[in-house]
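Me: I am new to this structure and would like to learn how to read its features one at a time. Could you take me through them slowly?

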Amino acid sequence: MEVTMTLYEALEKKKILESKIDSISYRIPRLVDTKKTYGDTNIDGTPISEIERSIQAGKDAYYALVINLRELKAAINDANATIKIEVAGKTYSIANAIARLR
């Protein structure tokens with residue numbers, strides 16, 4: 001599916017995705033750290049199959065966010081390389097203007 005947005009919208013979306021990924025990242029080790037007792041339940045009595053489904057759903061959601069972020073960063077980089085701006089009478093790509101500024 002293709003989505004059209006402005007560069008500013010893309011940068012804002014990138015911040016949101018990075019924030020979501022950061023908030024999920026610290027929870028992943030806790031999800032995987034389930035302790036199995038004897039039988040098909042963990043110490044709390046939750047069925048292992050239910051825990052596995054929950055872990056898999058969390059992993060799938062995390063990977064979807066990472067893939068979306070990767071694609072968004074690529075689109076931002078392409079836009080920065082192709083969009084032209086004028087600075088002091090000279091035309092530069094956004095990427096070149098940022099490099100000159102730094």
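The dialogue below goes from the overall layout to single residues.

Reply: Before we begin, please keep in mind that this is a predicted model, in which local features need pLDDT of at least 70 and side-chain atom pairs count only at pLDDT 80 or more, while totals for chains, interfaces and linings use all residues. Residues are numbered from 1 along each chain as its sequence is written, and side-chain values use heavy atoms, with hydrogens and water left out.

Me: Which pattern does the protein follow along the sequence?

Reply: Helices (H or I, at least four residues) and strands (E, at least two) are DSSP runs, numbered from the N terminus. Here there are four helices and two strands, and along the sequence they come in the pattern α-α-α-β-β-α.

Me: How do the two strands, β1 and β2, run?

Reply: Two strands are said to pair if DSSP finds at least two bridges between them. In this model, strand β1 (residues 84-87) and strand β2 (residues 90-93) run antiparallel and are joined by four bridges, and one pairing sets Ile-85 against its bridge partner Tyr-92 in β2. The hairpin has two residues between the strands, and Ala-88 takes a positive phi near 50 degrees there.

Me: What share of the residues counts as buried?

Reply: Buried means under 20% relative accessible area, exposed means over 50%, and partly exposed lies in between (1.4 Å probe, protein chains only). Of the 102 residues of this protein, 19% count as buried.

Me: Which residues make up the largest nonpolar core?

Reply: A nonpolar core is a set of buried Ala, Val, Leu, Ile, Met, Phe, Trp, Tyr and Cys residues joined through side-chain atoms within 4.5 Å. The largest one here has nine residues, namely Ala-10, Leu-17, Ile-21, Ile-24, Tyr-62, Leu-65, Leu-69, Leu-72 and Ile-76. Helices α1 and α3 each supply at least two residues of this core, and α3 gives the most, with five residues.

Me: Which residues is Ile-76 in contact with, leaving aside its neighbours within four places in sequence?

Reply: Contact means heavy atoms within 4.5 Å. Leaving aside neighbours within four places in sequence, Ile-76 is in contact with Leu-7, Ala-10, Leu-11 and Lys-14. On the same footing, Asn-80 is in contact with Leu-7, Ser-93, Ile-94 and Ala-95; Asn-80 lies in helix α3 (residues 48-82) and counts as buried because its relative accessibility is 15%.

Me: How many salt bridges does a search of the whole structure find?

Reply: A salt bridge is a side-chain nitrogen of Lys or Arg within 4 Å of a carboxyl oxygen of Asp or Glu, and the search finds two. One joins the side chains of Glu-18 and Lys-14 (3.6 Å, N to O); because these residues are four apart in helix α1, Glu-18 and Lys-14 are separated by about one helical turn. Glu-18 is partly exposed at 27% relative accessibility, and Lys-14 is partly exposed at 23%. Another joins the side chains of Arg-70 and Glu-71 (3.5 Å, N to O), where Arg-70 counts as exposed at 51% relative accessibility, whereas Glu-71 counts as partly exposed at 46%.

Me: What does the surface of the protein expose, and how much of that do carbon and sulfur atoms supply?

Reply: Accessible areas come from the Shrake-Rupley method with a 1.4 Å probe, and for residues only the protein chains shown count as cover. The protein exposes about 8,100 Å², of which carbon and sulfur atoms supply 54%.
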